[in-house]
Amino acid sequence: MGPLAINEIISENTNFFLAFIIGIGFGFVLEQSGFSSSRKLAGIFYGYDAVVLKVFFTAAITAMLGLLFFSLFGWIDLDLVYVNPTYLTSAIIGGVIMGVGFIMGGYCPGTSFCGASIGKIDALVFIGGLFIGVMIFGLGYKLWEGVYMAAFKGFPKISESLGLSDGLFGLLLIIAALGMFWAAEWAEKRFPREEY
Amino acid sequence: MKPRVLLALFIIPLGLIIAAVPQNKTTPFKLSAGELLSEATSRSQFVTPETVAGMIVSKDPSLRLIDVRNPDEFEKYSLPEAINIPLSELLSEQYTDILNQDIKMNVFYSNGSLTANEAWMVTRQLGYQNNFVLEGGLNYWFETIMNPEKPASTSPDEEFAKYDFRKSAGMALGGGGAVQAQSSQPSLPVKPAITGVPKKKKAAGGC
């Protein structure tokens with residue numbers, strides 16, 4: 001019965017070790033899917049390459065289906081699975097900063113390390129910027145603590161807020177994802193780019 | 001076939017299945033049958049009527065008496081400050097916070113100790129702590145606290161001390177019998193310690 005570490009089936013250290021293995025696998029898949037190229041990543045914003053959308057949504061719906069089926073079979077207790085707390089103001093501001101940084105830099109935090117691992121200079125520069133941002137946030141925390149902690153909404157799930165069952169929301173998300181894949185492939189044909 | 005179509009063919013049926021089946025809301029049992037058996041046979045869940053009477057008289061705030069009989073019986077007679085959770089309602093969500101906590105000492109009681117013990121077993125199997133059973137139930141309570149029997153004159157002093165205590169407690173709780181002067185109170189049986197519920201922290205994650 002999962003989660004394994006929470007239910008003390010495996011130790012905290014084994015948990016970290018498994019996370020390490022999974023992390024290496026995750027990085028490998030990211031690199032192989034082309035996520036170490038900032039031009040490929042930025043393609044989602046211009047329409048010529050939608051690999052970001054496809055990979056992340058495929059990962060999301062696969063994980064979602066896996067968790068829902070595991071819960072159905074009694075293999076995991078979803079009540080013990082962490083749900084991120086929602087601070088609405090900082091979620092919006094953070095989303096905007098992240099999005100602008102993504103368009104400008106061509107990376108998101110995870111993929112920048114992916115790019116750096118194969119020696120991309122732009123990824124290294126991006127990581128430098130990332131740490132400058134971390135320093136500014138950390139050292140000036142007192143200044144934005146009020147905004148950062150504002151509009152706390154608890155630990156909501158979208159399915160609960162909409163009053164749907166987890167399974168029904170899952171089905172809707174799958175349909176939405178497939179619709180987006182279709183739109184993304186249409187955009188790739190509509191705004192093609194020869195070399196990037 | 002395009003990868004997107006292949007993905008759709010695979011994942012839409014799965015989505016349909018998961019949308020159609022009811023959510024798994026079962027609560028897992030925390031104790032194995034063997035663990036529960038060894039706890040049940042050690043009889044550590046029982047608290048004596050003297051302990052409970054002492055706590056009622058001294059208005060111990062950590063005591064919470066839970067009557068697991070049905071509401072009719074509860075209306076007719078109940079111990080002071082007791083709340084009624086009929087055994088059939090035990091798993092109702094409104095009582096979870098009462099039964100699964102680490103502040104109070106819950107003592108189940110019924111007429112005998114059978115029903116109360118059933119309630120204890122269910123809550124214990126769910127991993128709840130700090131739930132206990134009044135030894136002998138209300139029947140034994142009446143025998144010992146409300147109408148204590150005077151020990152034979154040849155009995156040891158401890159028996160008399162116990163008798164005096166029972167009588168005083170019974171008086172304080174509205175039973176029969178007169179308080180004897182200068183009765184030495186026996187040392188109360190040590191009440192079971194309240195143990196903290198280990199708060200499970202959730203597994204954190206993030207991108």
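B:Asn130 counts as buried, with 22 C-beta neighbours inside 10 Å. Here, a residue is buried if 20 or more other C-beta atoms lie within 10 Å of its own, exposed if 12 or fewer, and partly exposed in between, with the C-beta atoms placed from the backbone. B:Asn130 also has a positive phi of about 65° although it is not a glycine. You'll find B:Asn130 in the loop between helix 6 (114–125) and strand 5 of chain B.

Some ground rules. This is a predicted model, where local features need pLDDT of at least 70, side-chain atom pairs count only at pLDDT 80 or more, and totals for chains, interfaces and linings use all residues. Residues are numbered from 1 along each chain as its sequence is written, while chains are lettered from A and ligands numbered from 1 in the order in which they are written.

Now for B:Lys59. Is B:Lys59 buried or exposed? B:Lys59 is exposed, with 9 other C-beta atoms within 10 Å. B:Lys59 has a positive phi too, of about 50°, and is not a glycine. B:Lys59 sits in the loop between helix 3 (49–57) and strand 2 of chain B.

**The two chains**

Helices and strands here are DSSP runs, numbered from the N terminus: helices are H or I with at least four residues, strands are E with at least two. Here's how the chains are built:

| Chain | Helices | Strands |
|---|---|---|
| Chain A | 9 helices | 0 strands |
| Chain B | 8 helices | 5 strands |

Along the sequence, chain B reads α-α-β-α-β-α-β-α-β-α-β-α-α. Of the 196 residues of chain A, 16% count as buried; for the 207 residues of chain B, the share is 25%.

Contacts say something about the fold as well. Two residues are in contact if their C-beta atoms, placed from the backbone, lie within 7 Å. In chain A, 68% of the contacts between residues at least 6 apart in sequence join residues at least 24 apart. For chain B, residues 24 or more positions apart account for 67% of the contacts with a separation of 6 or more.

How sure is the predictor about chain A? Its confidence in each residue is the pLDDT, from 0 to 100. Chain A averages a pLDDT of 88, and 99% of the residues score at least 70. Among the elements of chain A, helix 6 has the highest mean pLDDT (93) and helix 2 the lowest (86).

**The sheet in chain B**

Two strands pair if DSSP finds at least two bridges between them. In chain B, 5 strands form an open sheet in the order 1-5-4-2-3, with parallel pairing. Strand 1 (46–47) and strand 3 stand at the edges of this chain B sheet with a single partner strand each, so one side of each is left without a neighbour in the sheet. The partner of strand 1 of chain B is strand 5 (residues 131–134), in the parallel sense over 2 bridges. There, B:Phe46 stands opposite B:Val133.

Strand 2 (residues 63–67) of chain B is mostly covered, as 4 of its 5 residues are buried. Strand 2 of chain B runs parallel to strand 4 (residues 105–109) of chain B, and 5 bridges join them. Strand 2 of chain B also pairs with strand 3 (residues 83–84) of chain B in the parallel sense over 2 bridges. Which residues partner B:Ile66? In strand 4 of chain B, the bridge partner of B:Ile66 is B:Phe108, and in strand 3 of chain B, B:Ile66 stands opposite B:Ile83. From strand 2 of chain B, the chain crosses through helix 4 (residues 71–76) to strand 3, and this β-α-β crossover is right-handed (with the strands pointing away from the viewer, the path from the first strand over the helix to the second runs clockwise).

**A helix in chain A**

The buried residues of helix 5 (residues 109–117) of chain A are A:Thr111, A:Ser112, A:Cys114 and A:Gly115. Seen down the axis of helix 5 of chain A, these buried residues fall within an arc of 160°, so they line one face of the helix. (The arc is that of the directions from the helix axis to the C-beta atoms.) They pack against helix 1 (12–32), helix 2 (38–46) and helix 6 (121–139) of chain A.

**Where the chains meet**

28 residues of chain A are in contact with 21 residues of chain B. Helix 9 of chain A gives the largest share of the side of chain A that touches chain B, 10 residues.

Notes: pLDDT is the predictor's confidence in each residue, from 0 to 100.
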